[in-house]
Structures are given as structure tokens and as C-alpha cells.
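Here is a short briefing on selected packing features. Keep the structure open while reading.

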Amino acid sequence: MRYKSPIIWLTGIISAICLFFLSFTWKANSVREDATKYATVAGKFDPVRKVRYIDSLWKQPVYLGYWTLQDVTTYAIHKGLDLEGGYSAIMEVSPVEILRALSGKSNDPNFEKAIQEASKAQVNSTQPFNELFFEAFAKIAPNQKLATIFANSVNRDKIKSGSSDTEVKRVINDEIDGAVDRVYQITQSRIDGLGVTNPTIQRLPGTNRIQVELPGVDNPERARKLLSGAAKLEFIECYELNDYGAGFTALGDYLTKEEALKKAITGGKTVKADSSKAGGLAGALAAASKKDTTKAKTDTTSANALSKLFIQLGNKLGVARKDTPRVNELFRRPEVKMMFPSNLTFLWESKAIATTKDGDDVIGFEAVKKSPGIAAPLEGDVITDAGNDYDQNGRPEVTMTMNGTGARIWKNLTAASIGKRIAIVLDNTVQSAPTINGEIPSGRSSITGSFTPEDTKDLASKLKAGKLPAPTRIVEDAFVGPSLGQESINQGYLSMAIGLLLVILFMIAYYGSPGWMANAALLFNVFFIVGILANFQSVLTLPGIAGIVLTLGMAVDANVLINERIREELHAGKGLMQSISLGYEKALSAILDGNITTALIGIILFFMGSGSVKGFAVTLLIGLATSVFTAVFVSHLMIEWMAKRAIAAGREKEMTFETFISKDLFSKFNFDFIGKRKISYIFSWSLIAVGIIVLVMQGGFNLGLDFKGGRSFVVDFSKPITAGNLKDALANSFEGKGVEVKTFNGDTKLKVSTSYLVEDESAGGNQKVRLALENGLKQFADSKPTIVSESKVGATIADDILKKSFIAIFYSLIAIFIYILIRFRKWQYSLGGIVALLHDTLVVLGMTGIMRLVGLDLEVDQVYIAAILTVIGYSINDTVVVFDRIREEIGPDPDLGNKELMIKTINQSINHTMSRTVMTATTVFLVVSVLLFFGGDILRGFSFAMFIGCVFGTYSSIFVAAPIVIDFGTSNKKKEVIPATVTAKKA
């Protein structure tokens, strides 16, 4: 074997890297288990204590004395919400409201009509709304310039009455993009304050949408309110430290007494105050404070108590991030509030102001003059513009302009605050607290300080939250309870274990001792997949686990191709080492072609899919790459090692790559597949026709929420409940709107899907639907119904997802057609492959309809479409192997006009690859069967599509793809043979 040493070194390096990154996952799980134990008191789990425990270690070295918990969590494999439980949402920034704001609330009839036309067009278009608006306005008012609408005080200095449409469009597009960025920043700061471990927030490219995932969140309603609430920008006067320093002196005494009281309680001493009535330790301390009229401790002791929580930096106070939950709880105590002015409110700053010796962030806070429930003296709706620039000294600055009303209030506020600070507060978080240098009469302000250009850009963006409200709506969301997540984990791991075991046993039974080497390569493959997932910080979802299980079956294909080639060379009488070398050499072309075509599908899934589908694509792509490496290189090393040992021991002839099961199984197989092609054509298209007729009679597919919009809930009962009874009970609650109820992972769980209030995408709409469900469930109160998960998909995004699914399938077929044309140089091969793929897709879709006749009602959703695309990848892989053998038999540029020769060659090629075809189909069939029976209802549609696709993908490679090459590439004319003659050549 060539390049043996580099391959050994590369395998060792990859293994070490995978093991290193997987160790972070082990450590992260260990810390989570410790946090759960800490949060469980007297058998009751307290999520606040768990968050506090994790926060306390977030910036602390927890692994090998170097990596903090934040590092460990970042490098660990992240579980998707379907495995871990939690809340996810896709938020859309409304461009309609931004356009209205930029127009100055224009009443121009052409403007209003263009908005309406663009809204209608968006239902059936994937173009951004602003582009649709521009097109509509141009059609409605071809002679009217956009500047007549948008040249106003809102866009002062940006759009003038003489501005061209191109200039106006650029400003509008920039403002919409800026609005999405602002929503992104505001959402990020809100999530940071939610105390969620390892949240994910990202902009979806090419859209006005933002995707948020919050693992572990168990209150979806709170999360919805947090994400969809309008941003609140306020300007509030600040207290200085010397204004409320006496309060901290009193707080120091209070903390000293608290510490003494803790020691007294733990030491077994009694406390006269009834702490159970007064609210635990805090209540006991409050009672003790009222009775103690003498100075309990010296100032030094009081200062020591304060220094354990608070850090002084000049004239500012801060708190280590790990202590912020403790300080929040402290400031909420009534007796602590009484130590400070009645209108004083403590607010955290948005950024860390320093770090502790242990590397933890120090979060500063400001004391502002605002009583609870009282409006701030000035709010952000008065801002007309904000930007970032440089002042005359070259320092980064933020510029801010207010309208007339705001300018008058700002003038009075700044005049009364000269030399003092005013806090700029966004969502109760202080963004900046600049000192007022003098009265600002014009409403135009400049904010400077220790800013970087990035700081000024961020602050200007947040100030614009007042200028343009950029309202958001949640167009898709899902909540998965922790119990359902754990159930998915168990099903996924069980499927993986059973699938791996079946493949291992099958390989040994078919190939004997070389099968052990193939299995070892397979285990390396799984190890590499998981390790690389950790290295890339990927998210592991239930479809991702399905991708790993599926990769197990497809990874065997490369080993099967190699082993079958080696068997052929051994049967031809070649020596063991030569047969191994030739086997790997001849199998390489088919392995690469098959995996590249499947990788094309994975790439399209990655770019066109979202959420769990994208997770499946990532796993599939990684699996394909590692499969080729382990099968072509790692297994080659092991097979050669085994062969050399066998030769050294004189057992060369015992290493036959077959057992009593596989010996001579297909050696004499000779079937006229091409001759039976007309029968196969009739069977295939008849089956497809029946499926289409059944689907038409049933009114089409049972589309999942992904494609039709609506809401679904999974309800857990303490005892079995009939789906029909629950459906009848919910009919009135949902006001006669569409409702569907089916069993879900057992007879005590039911999945309820409804189109009730599908157009209402507000948080209030979610509450109404959930309340209606809860009212319907009251009839089953004795069965203790519990909603363990819920999800919503808006009608607009459902339409987008459906369009993307069709586009993904179309692109897949085009990509495969082009690749086969390049590799096999004849369009007939490409046509045969594409017809076979269309055949497989139509059969799977038709069988889905036919299965509804026997009670198996499968939802067609994103995951189902992912299965269709995977079937396409599997089927073309199988087809390419047959085509590769045909090319080997007749050369790269065959004479397709010689029909007799082509029929003979193609039949011979199919028969020669029959052992490989059956082996690969069997292994994939085994793992897909495992997914179908053990993967749970979440993967039921995916598994069924793969199950049917596996069977008919193998069938179409033989009975559809190859015959198409014959029927479209040959004629019945025999090639004319010109007799050879010899003539004398003239001199």
C-alpha cells in the first residue's frame, strides 16, 4: 500500500483530535450532573439553583486547570432542542411598519396601494418585501418618484426631494437591514438576561428573520413575551455613589448580621424570630435587625461583608457575574430597599467593566432615579436619527437627533443635570451613562467617551430602536419538554446501538474474518463522525442521530464494493496481496462517484434546509467524508495487516473473504434483466399511477405544520385515551376549525394539530389556542393531561418552506444530471439516472398515500423531504455502481448504437454487481428498519420514506436506469461489418 506511514500518522492525529474534543462533552455533562444534584433539594428540583451553580463556574477553570466552563460548553457537542428540551423561535422583522415609519406615516393612496399589493404578492413569492413594494409602486404610479413619499423629517439629510429612486431604495434597504441588526442585538441582550445556558441566535441569510434556540427553557410563554416585546429606550437621571453610600454602609451591617445568623443556625443555636413566618433566613434577619438598636459590628467588619459581593472600581461598583443572581435577590428584599432612596432603582450595565483575578466578568450597575411603575422623563420615541462618527479631536462619537417635543424635554433635563450623568437604558439595561457638559437646546447631541468605533456603532444602532420600532412577530416556534427530549434521546441511542449491532453481525456472517476489519473501520467511522461534530461545535438533533444510523448502512457500501472486488480477483486465481491491491484500486472509482453524488444532496440540504434538517445534512456530509477515509485507507491498512499475518502463518488460502453463507451465492447468477424491462416498466408506472389516484381521492398529502402552518401540541396522559374521543372533545373548543389527533410514541401520548387561529401570529394568539386546548382537556381531568411540547408555524413561513423543498429537489436532480454527464460522457446515462430518481420519488410519495388506506397516516414535512432527498442520494449511489461497471466493461466511449452488444454488456454488469447490490441494500434495509420500528413517531415519516426508497432505489438501478440507457441510446440496426481486404499499394 502506498503512503502507508502518512496514513497511519493522519489516522492517529485525527483520532487524537476527536478524543480531545469529545473530552469536553464528557466534562460538560459531568458539570451538568453536578448542577442538577446541587439544584435538587429534598427531592425537588429548583432550576434557579441550577443556573446559579452554572453561573458561578462559568468563568472558572474546570478542566485541566485551564479551560473554563464557558470554554468546555462551547467545545462540547450541543444537543438540539428535540433531544434536550427547550424553546426555539423564528422571528421576522416587519418591513411594512418600517416603510410606514420611514414615510412619516404617509397617507398617499399610491403608497398604501403598493403596500397592499406587495403584501398579496409576498404570499406566493420568495422575494424580500421591500423589493416587491418597489415593483408594485412602479406599476401603480410609474410617473411618481419615491422621494415624494420618503423625503421628510424622518429621513433628513438622507433623502431629499430631488433624490433618485435608486438613492431612495438604497436608504430604505439600509434602514431595513439596520432594523434587523438592531433586533438581533436587542434579542441577544434579552437572552443574556434570561439565564439560559448555551443559547443560539443567528440571522437567516437572505431574509428578515432571526432564529433563536433556548435549551432548557421550560416556560415558553415567558420566552415568547421576552422575544416579541417592543424595545423600550429610556433616558433616566443617575444617582452618584455619594448620594446612596449610606445605604451600602447599612447593607454591610445587614450582610454581617446575615452571616452571623447563618453561623448561629448551622451551629445549632436558636433564633427568637420565627423565620418560617418571616420568609426564611431573610425574614429572621429582618426581625433581628429591628430588635438590635446598637451598632452590631465595626465599620471594618461591615466593609469586609460588602467586599465579598461588591467590587469598587473608582467611583463605580460592580459584581462578579457569578454573584449577580445573589445580588438581584438581595436588592429585591423589602428591608434592603428601605436602606436606599424610595425612587432609586439599580440597573445592570450591558457590558462587563473588568475581570476578576479568577477571570470572571465584573458587571457594573447604575443607580437611576426611577420609581417602579413611573415613566422615565424621556423615552426613545422622540429620536429621529442616530449615527456614529468622529469628533473634531478624532475620537469616536455617537450623534443623536430628537424631534421638537423631545428637544424641549431634553433641554430642560440637561439644564438640570449639568455635571451629572444621565443613563441611556434599553430594556432595563444601561447602555451608557454619559456626563452632561451643558444644556443642549437644539435636540442634537454628541456622546463621547472611552468608546471604540464598534462601541459607537452598537450604541447608535440601539438608539435607533426608538426611531424605528422594527416590530417583530414570531412566525415559527416550538417547545419541547425535558421528558419528551429524554425520550427522543433514548430512542435515538437505541436505534444507533441496534443498527450498529446488526451491521456488525451481518458483515461477519457474510465475509468472515475480513468482516471484522470492515467492522473495525465502521467503528472508527462512528468515532470520527462524533468527534468531528464536537470539533465543529455542531448541534446533534434526532434527525442527526438518524443521519449517523443511516451512514452506518451506507458506509458499509464502500467496504462491500472493496470486498466484492477482492473476491472477484481471488476467484480469477490471483494471489492474496495482489487481489487486495487490485480490489481497492478497482473499487475506488465507484466509491468516489457514489459518495460525491450523495454529497451533492447533502450540500443542497444544508443550504436549503433549516433546523433539524440542516443538522441531518451536516451529519450526512461528515459521515460521507469519514466513510471514504475509513473504507479506502483505514480498512486497507487493517486488511493488509491481516493478510500478511495469514501469509506468515501459512493460512493464505483461508482468507477467502467469504463464508458458507456467501460462498458461490451469486457466482452463477445470470438473469436477463434488460429482457424483462417492459414488464418492469408496466409494474413501476402502474404502481405510481395507483398511488397518484389514491392521493387525488384523498385530497392530497397530510401536510405537516412545516408546509401548511398551524399549531401542534403533544399531550401526555396517565392512562390511554382514544384519539377519536379527544378529537370530538376539542371540536367545540377550536370552534369547528380543522383539528387532527393521533397517537404519538405510545398509547398515553397524543399529538393534537389544529389550524385554529393560524393567521394570528401574536403571543395572544398562542395563549388563546392553548387555553382552548386546556378547556377541551378538562373532560379528561381524571387522566391528568400534561402538555409536554408545542409548536407553531405561521402561514407565510410554511409557504416559504414548501417552496424551498421543491426547489431543493429540483436542484438535486440538475446537479446529479450534470455530474453523471461529466463522469460518463453520455447524456443517456444522465437521463437513465434522472428517470430512475423520479421513479423512486414518485413511488415513495404514492406509497405514502396508499399506506393511509391501511391506517398509517404519515405527515409530509421538512424531515420527510430530507428523506426523499436522501433516497435520491442512495438510489443514484446504487445506479452509479452499475454504470461504473458498464463503463469498465465497454470503455468510456462506448458505441451505444450496437444494441446487442449493449444489452449483453449491461446484463453482464448487473449480474456481476448483484452480490454488492444485495449486500448494500440489505445493510441499509436493516438500519432503516431499526429507525422505522425504534426511532419513534418523530422519525416515522423519515424512516418510512427511506424504507420504501431503499427497496425501490435498488430496484430502479437495475430495472429502470440501465434499461433507459438501452432504449434511448441504441437502435435495432446491427453495425455493418466491412470485410478485411488486401490491395497492392502504388509506388
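This is a predicted model. Strand 16, residues 396-402, pairs with strand 19 in the antiparallel sense, over 5 bridges. Two topics follow: a sheet with its helix, and a helix pair.

**The sheet**
- The sheet is open and has 3 strands, in the order 15-16-19, with antiparallel pairing.
- Strand 15 (383-390) and strand 19 (444-448) stand at the edges. Each has a single partner strand, so one side of each is left without a neighbour in the sheet.
- From one strand to the next, the twist averages 20 degrees.
- Glu397 has Thr448, in strand 19, as its bridge partner.

**The helix across the sheet**
- Helix 17 spans residues 404-415 and lies across strand 16 and strand 19.
- Helix 17 runs at about 115 degrees to strand 16.

**The helix pair**
- Two packed helices are described by the angle between their axes and the distance between the axes.
- Helix 29 (residues 827-852) packs against helix 30 (residues 862-890) at an angle of about 145 degrees. Their axes are 9 Å apart.
- The crossing of helix 29 past helix 30 is right-handed.
- Helix 29 contributes Tyr829, Gly833, Leu837, Asp840, Thr841, Val844, Leu845 and Thr848 to the contact.
- Helix 30 meets them with residues including Tyr864, Ile868, Val871, Ile872, Ser875, Thr879 and Phe883.
- By class, this contact of helix 29 with helix 30 has 12 nonpolar, 5 polar and 1 charged residues.

Conventions
Residues are numbered from 1 along each chain as its sequence is written. This is a predicted model: local features need pLDDT of at least 70, side-chain atom pairs count only at pLDDT 80 or more; totals for chains, interfaces and linings use all residues. Side-chain values use heavy atoms; hydrogens and water are left out. Two strands pair if DSSP finds at least two bridges between them. Helices (H or I, at least four residues) and strands (E, at least two) are DSSP runs, numbered from the N terminus. Axes are lines fitted to C-alpha atoms, for helices over the stretch in contact, and angles run from 0 to 180 degrees between N-to-C directions. Contact means heavy atoms within 4.5 Å. A crossing is left-handed if the near helix is turned anticlockwise from the far one by less than a right angle, and right-handed if clockwise. Ala, Val, Leu, Ile, Met, Phe, Trp, Tyr, Cys and Pro count as nonpolar, Asp, Glu, Lys and Arg as charged, and the others, Gly among them, as polar.
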